[in-house]
Amino acid sequence: MLINWFRFASPISFYPIAGSWSYAFGALAALFAGAGLVIALWIAPTDATQGDAYRIIFIHVPTAWMAMFIYLVMAGWSALALGFNTRLSAMMAQALAPTGALMAALALWTGAFWGRPTWGTYWAWDARMTSTLILLFLYLGVIALRAALEDPRRADRACAVLALVGAVNVPIIYFSVQWWNTLHQGSSISLTAAPKMAMTMLAGILVMTAAAWSYTIAVVLARVQAIIVERERGAGWLESLIQFPAGGSA
Amino acid sequence: MIADFFAMGGYAWYVWMAYGVAALAIALEIAAVRVRRKRAFDELRMSVDAPPAAAAMTRKGTAR
Amino acid sequence: MTAGKPSPLAGTLAVQPAAAEAVADTHASVLAAIGWAVARDFRVALRSKGELGVQLLFYVIVVSLFPLATSPSRETLATLGPGVLWTSALLASLLSLPRLFASDYHDGTLEQIALSSRPLAALVSGKMAAHWLTSGLPVALMAPLLGAQYALEGPVLATLAVSLLLGTPILSLLGAVGAALTLGARGGGTLLALLVLPLYAPVLIFGAGAVDAVRAGVSAAPHLSLLGAGLLVALVGVPFAVAAAVRIALD
């Protein structure tokens, strides 16, 4: 019962799947986000020490996790692109980068607004935030390289190499920043010290993380549809799409 | 009660700046992807209907 | 560069002397390739001594700017010193990276190099070694002199030199990946900086950290060991990534 996954490796076969799954995951994201926001803003009790400011973790933690996960997934697709030389794998990596960058940026932004009321400063150069900042730079580098190279196939391979080099470096970067931080940490600022988890808080974070995952899949699949159309223009099969648009056209 | 909700125990600025910008960023990303998809389709449609005009409009010409 | 001499293993291995000879020949050809590339790039670099001088001068000037921007007080300078000397070394490295591949790329030599029968990873290793000899090494040697301007003491300056001697080759290696990926790309040097600087961060942390540790009276052994380990890993792994990136740029 072997599914021939390679059948879906062609943009032709994948395009309609991307469309219908994008809508499905979008609906899922809306549901999770709705439930998550209700927990985050109403059901979860006000924290004793941090007051209502702690509610920011319901956005901060999911976005920080997604920034990491998306990079790993992007590196995975990049490895496939280099290993099997498939266009679609490279297109998936291309589609993931902007959302990953957005997640990293939101993690930094929400982290700053959580840090100010809780520890008195918008930015504390703690290990996790600094690592997330460098992760954002890595994302922006992949996006910039893609934009700077004319030939799409060269861009595919170059960005794949860059993503993989970055992926190998990410643990090294996290470790070195952690090292640097513990050496210099005079005060007791530790942005990893979230309030002790009541069950509702944990549930809220998990639901919001599910929302973030579903949202990411929805947006990335929609973006890869656009990329497929942009890059496969000139291939005859696309014309049939105009007559019979499948899985959500413009 | 609604006022209490928006006040967020005095931390309104921080909470709503965080949630608000996140919501805005997500809305912008969704809009950008939709615009990109529509534009790709429009250019495809044009290249089928009127190839020279479409070629003049596209940024990078035909994909390789 | 003949490869005809019999392998020293040929007599000892009973079963497949030809294979042993082939392995020994491969080792010989890898080393020969590295040696050839180092010698060639070094010769080429020395032809434009002015360019090398300018890069070193950039380092000196940048290091001299920081006291103007902050304060000449010995305390401030001693605190800033390791960071400034290291960060400026990073920036100087970025400045020198484009010449690693650019001129060979533009006149077609790089393609010839890639097409030759020598392993490309070995050839680019030689290029990176020559690059380090003409950019990283001078900076590492110059830094202690400039460190004296920052009121740093003897042992601190020695650690600075050692950390830079270990770290600048890593900068050359990682930088070469960026240089190969951005060959002929729009935005050239600035794009290269954006790609490479995040990768430089751990080297900066451990390198400057080593100097800071000695300044604080603690041992820099952990930092320097990590730098050394990083250098070994980079020496083994990065040339293959660079070779892949060069091939991508040439296709």
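Colleague: How many helices and how many strands are there in chain B?

Modeller: Please bear in mind that this is a predicted model. Chain B has three helices and zero strands. Read from the N terminus on, its elements run α-α-α.

Colleague: And how many helices and strands does chain A have?

Modeller: Chain A holds seven helices and zero strands. From its N terminus on, the order of elements is α-α-α-α-α-α-α.

Colleague: What percentage of the residues in each chain is buried?

Modeller: The general idea is to count neighbours: a residue is called buried if 20 or more other C-beta atoms lie within 10 Å of its own. In chain B, buried residues make up 20% of the 64 residues. In chain A, they make up 51% of the 250 residues.

Colleague: How should one read the contacts in chain A by their separation in sequence?

Modeller: One sets aside pairs closer than 6 apart in sequence and asks what share of the rest joins distant positions. In chain A, 80% of these contacts join residues at least 24 apart.

Colleague: May we examine a single helix? Why is helix 4 of chain A described as largely enclosed?

Modeller: Of the 22 residues of helix 4 of chain A, 16 are buried, so this helix is largely enclosed by the rest of the structure.

Colleague: What span should helix 4 of chain A have, and how far apart are its end C-alpha atoms?

Modeller: At 1.5 Å a residue, the 22 residues should span 32 Å. The end C-alpha atoms of helix 4 of chain A are 31 Å apart, which agrees.

Colleague: Let us turn to the interfaces. How many residues do chain A and chain C each bring to their contact?

Modeller: The contact takes 23 residues from chain A and 21 residues from chain C. On the chain A side, helix 4 (127–148) and helix 5 (152–184) each supply at least two residues. Helix 5 of chain A gives the most, with 14 residues. By residue class, this side of chain A divides into 18 nonpolar, three polar and two charged.

Colleague: How many residues does the contact of chain A with chain B take from each?

Modeller: That contact takes 36 residues from chain A and 29 residues from chain B. Helix 3 (87–119), helix 5, helix 6 (199–232) and helix 7 (237–243) of chain A each supply at least two residues of the side that touches chain B. The largest share, 10 residues, comes from helix 6 of chain A.

Colleague: Into which classes do the residues of that side of chain A divide?

Modeller: The side of chain A that touches chain B comprises 18 nonpolar, seven polar and 11 charged residues.

How values were computed: Residues are numbered from 1 along each chain as its sequence is written. Chains are lettered from A and ligands numbered from 1 in the order in which they are written. This is a predicted model: local features need pLDDT of at least 70, side-chain atom pairs count only at pLDDT 80 or more; totals for chains, interfaces and linings use all residues. Helices (H or I, at least four residues) and strands (E, at least two) are DSSP runs, numbered from the N terminus. A residue is buried if 20 or more other C-beta atoms lie within 10 Å of its own, exposed if 12 or fewer, and partly exposed in between; C-beta atoms are placed from the backbone. Two residues are in contact if their C-beta atoms, placed from the backbone, lie within 7 Å. Ala, Val, Leu, Ile, Met, Phe, Trp, Tyr, Cys and Pro count as nonpolar, Asp, Glu, Lys and Arg as charged, and the others, Gly among them, as polar. The expected span of a helix is 1.5 Å times one less than its number of residues.
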